[in-house]
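Dear colleague,

I am passing on the structure we spoke about, with the sequence alongside it. Please look through it first, and then read my notes below.

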Amino acid sequence: MRPQIAEKLAEEALKGEVDAVVAFHDGDVRAAITTLLLDCHHLRLQLAFAERGMSCDMTRGRTQTVERA
């Protein structure tokens, strides 16, 4: 699949969700983006806590990490 086609399909799939987020914020796009960025920061913090809580492979000196996109 060509990147342009995949991008168009993803855009169409998310259009309803984007509209819902903006509607939740009474049409204020800046407030919608701010909320989504705060959610992103919160989830990154939770991921960091989860990473630290994972067990370490003490015998081999390795730690497990979570891959990030």
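I begin with L37, which is partly exposed, its relative accessible area being 48%, in a model that, please keep in mind, is predicted rather than determined by experiment. L37 sits in helix α2, and together with V29 and I33 it forms a nonpolar patch on the surface, the three residues sharing about 270 Å² of accessible area. L37 can belong to such a patch because its 48% relative accessible area is over the 30% that a patch residue needs.

The other residue I would point out is D26, which lies in the loop that runs between α1 (3-24) and α2 (29-53). D26 has a positive phi, of about 55 degrees, even though this residue is not a glycine. Is D26 buried or exposed? With a relative accessibility of 74%, D26 counts as exposed, because the cut-off for that class is over 50%.

As for the protein as a whole, its secondary structure consists of two helices and two strands, and these follow one another along the sequence in the pattern α-α-β-β. Of the 69 residues in the protein, 3% are buried, where buried stands for a relative accessible area under 20%. The accessible surface of the protein amounts to about 6,500 Å², and carbon and sulfur atoms account for 59% of that area.

With best wishes

Definitions and conventions:
Residues numbered from 1 in each chain as written. Predicted model: local features only at pLDDT ≥ 70, side-chain atom pairs only at ≥ 80, totals over all residues. Heavy atoms only, no water. Helix = DSSP H or I, 4+ residues; strand = E, 2+ residues; numbered from the N terminus. Buried < 20%, exposed > 50% of the residue type's maximum accessible area, 1.4 Å probe, protein only. Areas by Shrake-Rupley, 256 points an atom, 1.4 Å probe, with all protein chains shown as cover. Patch = residues over 30% accessible without salt bridge, like charges linked within 9 Å, V, L, I, M, F, W, Y side chains within 5 Å. Salt bridge = Lys/Arg side-chain N within 4 Å of Asp/Glu carboxyl O.
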